[in-house]
Amino acid sequence: MIVTGAGHGIGVQIARQAAADGYRVGVLDIDAEAADQIARSLPDAVPLMASSADASAVEAALNAFGTPDAWVNNAGIVRFGPLVDHSEQEWRSVVEVNLTGTFVGGRSVARRLIAEGRKGSIVNIASINGIAPGPNSGAYSPTKAAVIQLTRQMAIEWGPTGIRVNSVAPGIIDDGMSTPVLADPHVRATRSARTPSRRLGTAADIAKAVLWLCSEDAEYVNGHNLVVDGGVVSTVLAGMPRPASIDGIDRG
Ligand SMILES: NC(=O)c1ccc[n+]([C@@H]2O[C@H](COP(=O)([O-])OP(=O)(O)OC[C@H]3O[C@@H](n4cnc5c(N)ncnc54)[C@H](O)[C@@H]3O)[C@@H](O)[C@H]2O)c1
């Protein structure tokens, strides 16, 4: 299994869980030092320095590792700020990593699996922001919505060849890019309290979902977006006021 963006955050845990499940793991990251360090901490892992959005670098990584049975498009970035102040450069860099990177990696591995007549599994890491846009996160939410749709398109085109493609949409995860946001104790406590499962998510919650999607147990799951968020994205209407005749109803 190759995991992109596995040098930090959620990707590290996906790589760890994959190694624990017996996979030989490719730890792909643009941060060579981090990829190296994580690969060294795992039993059978290979560091792969590449930008997931650079087709020739991804090809070089695949040449070094060999064609994997599973590929996880996890690398992603966010640039916070109001949309009116978002520069084209910020917009393009987020589109490049989150969307183009997901396409490039998926296409490279699919080409090889198809040429070799092998089955495989691709998991794209989306976000609940792809369902419910988060304010002041620029291109992030639109790219994650596109990742969910790209996943479906990959699934319908590659399903007949034996490649399954699914996405995982993490909620509020106490790791990675959310770390600075959750450093504020009020934000942290409020987000946890407003989550139906009454806790923040962990990288392990996401890793377990990814590994399940790659497993034989999920062999008929294809083109699915698996939301792993403790119920957060379903709470949209819970904050809307309703008349006492509904909320004050005596249900016995
Ligand atoms: N942390 C959360 O709360 C959360 C919630 C929803 C979705 N996600 C998604 O989970 C994924 C992982 O995010 P994270 O929170 O672990 O972030 P993170 O910033 O901790 O890790 C991202 C990793 O990707 C690497 N990376 C960045 N650009 C790259 C590129 N072009 N090529 C290869 N590697 C690159 C970084 O070096 C880093 O190691 C992202 O797709 C993110 O959008 C995270």
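Here is a short conversation about the salt bridges, burial and overall build of this predicted model.

Visitor: What makes the overall size agree with a compact globule?

Guide: The yardstick is the radius of gyration: with 252 residues, a compact globule would have one near 18 Å, and the protein has 19 Å, so the value agrees. Along the principal axes, the C-alpha atoms fill a box of roughly 65 × 40 × 35 Å. Within that box there are 9 helices and 7 strands.

Visitor: How many of the residues count as buried, and what share of the surface belongs to carbon and sulfur atoms?

Guide: Of the 252 residues, 47% count as buried. The accessible surface comes to about 12,600 Å², with 54% of it belonging to carbon and sulfur atoms. On the contact side, taking contacts with a separation of 6 or more, 67% come from residues 24 or more positions apart.

Visitor: Why is the pair Glu59 and Arg112 called a salt bridge?

Guide: The cut-off is a Lys or Arg side-chain nitrogen within 4 Å of a carboxyl oxygen of Asp or Glu. For Glu59 and Arg112 the closest N and O atoms are 2.6 Å apart, so the pair qualifies. The two residues sit 53 residues apart in the chain, Glu59 in helix H3 (residues 55-65) and Arg112 in helix H4 (residues 88-116). By this rule the model has 6 salt bridges.

Visitor: Is each partner buried or partly exposed, and how do you know that?

Guide: Buried means under 20% relative accessible area, and partly exposed runs from there up to 50%. Arg112 has 17%, so Arg112 is buried. Glu59 has 26%, so Glu59 counts as partly exposed.

Visitor: What makes Asp69 and Arg118 a link between distant parts of the chain?

Guide: Their closest N and O atoms are 2.7 Å apart, forming a salt bridge. Asp69 lies in the loop between H3 and strand E4 (70-73) and Arg118 in the loop between H4 and strand E5 (120-125), so the bridge ties together parts that are 49 residues apart in sequence. Both ends are partly exposed: Asp69 has a relative accessible area of 47%, and Arg118 has 25%. With Glu116, these two residues are linked in a network of salt bridges.

Visitor: Which residue forms a salt bridge with Asp174, and where do the two sit?

Guide: Asp174 pairs with Arg188, and the closest N and O atoms are 2.6 Å apart. Asp174 is in the loop between strand E6 (163-170) and helix H6 (179-182), while Arg188 is in helix H7 (residues 185-193), 14 residues away in the chain. Asp174, at 34% relative accessibility, counts as partly exposed, and so does Arg188, at 32%.

Visitor: Why is Asp229 called buried?

Guide: Asp229 has a relative accessible area of 12%, which is under 20%, so the label follows. Asp229 is found in the loop between strand E7 (225-228) and helix H9 (244-247). Leaving aside neighbours within four places in sequence, Asp229 is in contact with Ile128, Gly171 and Thr195.

Visitor: What makes the approach of Asp229 to Val232 and Val233 a polar contact in each case?

Guide: The distance cut-off is a pair of N or O atoms within 3.5 Å. The side chain of Asp229 reaches the backbone nitrogen of Val232 at 3.1 Å, and a polar atom of that side chain lies 2.6 Å from the backbone nitrogen of Val233. Both distances fall within the cut-off.

Note on methods
Residues numbered from 1 in each chain as written. Predicted model: local features only at pLDDT ≥ 70, side-chain atom pairs only at ≥ 80, totals over all residues. Heavy atoms only, no water. Helix = DSSP H or I, 4+ residues; strand = E, 2+ residues; numbered from the N terminus. Buried < 20%, exposed > 50% of the residue type's maximum accessible area, 1.4 Å probe, protein only. Contact = heavy atoms within 4.5 Å. Polar contact = N/O pair within 3.5 Å; in protein donor to acceptor, adjacent residues only side chain to side chain. Rg over C-alpha atoms; globule rule 2.2 N^0.38 Å. Areas by Shrake-Rupley, 256 points an atom, 1.4 Å probe, with all protein chains shown as cover.
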